[in-house]
Structures are given as structure tokens and as C-alpha cells.
Amino acid sequence: MPLGLGLLIAAQFFCVVFFLGDLVADYREQAPGSGIPYHLGFETIATLCLLAAILVEIRYLFSLLRRKAHLEQNLKIASAEVYDVILAHFESWKLSPAETDVATFLVKGLEISEIAVTRGCAEGTVKAHLNAIYRKSGTKNRGELLSVLIDSLLGGDPPMIADRIAKAS
């Protein structure tokens with residue numbers, strides 16, 4: 001539960017307890033049969049409204065927490081599905097394990113130098129893998145490769161970039 005909201009609800013609850021104690025003390029001080037003064041009636045209504053607001057806030061808070069948990073679960077599932085689609089493309093392109101590794105880092109947005117450091121190899125090796133990845137996927141650069149992957153996520157399995165360029169000409 002968010003700490004700030006929990007503290008606010010707790011403070012409101014202590015206010016309700018204080019006001020209820022004050023109301024009970026004020027009612028006991030009233031002379032028997034004198035009726036209820038207007039200010040005690042208003043205090044009672046205000047205290048009950050504050051209590052009702054606390055209950056609504058708690059219910060709304062738990063609703064938000066359930067929704068957040070549901071959305072996080074859906075995001076986890078969607079992330080796994082996206083990764084599966086990307087891996088399916090890598091497999092259909094018959095990328096080697098090293099090329100799959102480099103392509104994964106490429107999709108994540110790493111630069112060639114960062115990929116080389118992460119994999120513990122030379123930049124030339126990464127560039128060689130990238131050339132093989134582009135050749136096998138029918139793309140020319142990172143942008144086209146990402147475009148193929150995004151297109152497949154948005155609307156099924158699109159034809160290779162080279163096929164689309166040939167049809168457009």
C-alpha cells in the first residue's frame with residue numbers, strides 16, 4: 001500500500017476516534033430531556049461523513065491495488081509473448097546462438113561497443129555477427145530489422161523487407 005495514502009487514512013481514522021470520543025462526552029454533559037443541540041447534530045453528521053469517506057478510500061485503494069496487480073501480471077505476460085515472437089523470428093532466420101545473442105542486445109538498444117563489452121569480444125566480431133543477422137533477416141540495418149519485428153508484433157508475420165521493397169518498385 002502506498003505509504004502516504006496509508007498515513008492519510010490512519011490520520012483520518014484517529015480524527016474519527018477523537019471526534020467520536022468528543023461526541024460521547026458532549027452527549028453525557030447534556031441535561032436529560034433537553035434535546036440535541038444543533039452543533040452536536042452537525043458534529044455527529046460530520047464525524048459519520050468522515051468515517052464513510054475513510055471506508056470509501058479504503059475500498060478504492062484496494063480496488064486500485066488489485067488493478068495494479070492485474071496490469072502488472074498482464075504486462076509480464078505481454079513481455080514474454082513479445083520476446084517469444086522475437087525469438088521465433090531469430091529461429092526462422094536460422095541465427096546462430098552468438099548471432100541471437102547479438103540480435104537480442106541490438107533489439108534492446110545497445111550500441112556495437114556496448115554489445116562487445118557485454119559479450120566480452122571485439123567490436124569487429126559484433127559487426128561480423130550483425131552483417132550475418134542483416135543478411136539472414138533480409139534487412140540492411142538496425143532500423144529495418146526493428147521494423148520487421150515491430151510489424152510482426154502489430155499485425156502478424158510480414159514478408160521480408162527485401163520482398164516489400166521489390167514489390168514497391
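Helix α5 buries Val-126, His-129, Leu-130, Ala-132, Ile-133, Tyr-134 and Ser-137. This comes from a predicted model. The buried residues of α5 pack against α3, α4 and α6.

The length of α5 fits a regular helix count. At 1.5 Å a residue, its 15 residues should span 21 Å, and the end C-alpha atoms are 21 Å apart, so the two values agree. Just after α5 comes Gly-138, with a positive phi of about 75°.

Two residues of α5, Leu-130 and Ile-133, recur in the core. The largest nonpolar core has 17 residues, and Trp-93, Leu-130 and Ile-133 touch the most other members. Five elements each give two or more residues to this core, α6 among them. Four of them are tabulated here with their ranges.

| Element giving two or more core residues | Residue range |
|---|---|
| α2 | residues 38-92 |
| α3 | residues 97-107 |
| α4 | residues 112-119 |
| α5 | residues 123-137 |

Leu-130 also has contacts far from its own place in sequence. Leaving aside neighbours within four places, Leu-130 is in contact with Val-102, Leu-106 and Ile-112.

Helix α6 covers residues 142-155. Besides giving residues to the core, α6 supplies the largest share of a nonpolar patch, three residues. The patch lies on the surface and is formed by Val-82, Ile-150, Leu-153 and Leu-154. Together these residues have about 370 Å² of accessible area. Leu-153 sits in α6. Its relative accessible area is 37%, so Leu-153 counts as partly exposed.

Terms used:
Residues are numbered from 1 along each chain as its sequence is written. This is a predicted model: local features need pLDDT of at least 70, side-chain atom pairs count only at pLDDT 80 or more; totals for chains, interfaces and linings use all residues. Side-chain values use heavy atoms; hydrogens and water are left out. Patches are made of residues with over 30% relative accessible area and no salt bridge: like charges are joined within 9 Å, nonpolar side chains (Val, Leu, Ile, Met, Phe, Trp, Tyr) within 5 Å. Accessible areas come from the Shrake-Rupley method with a 1.4 Å probe; for residues, only the protein chains shown count as cover. A salt bridge is a side-chain nitrogen of Lys or Arg within 4 Å of a carboxyl oxygen of Asp or Glu. Helices (H or I, at least four residues) and strands (E, at least two) are DSSP runs, numbered from the N terminus. Buried means under 20% relative accessible area, exposed over 50%, partly exposed in between (1.4 Å probe, protein chains only). A nonpolar core is a set of buried Ala, Val, Leu, Ile, Met, Phe, Trp, Tyr and Cys residues joined through side-chain atoms within 4.5 Å. Contact means heavy atoms within 4.5 Å. The expected span of a helix is 1.5 Å times one less than its number of residues.
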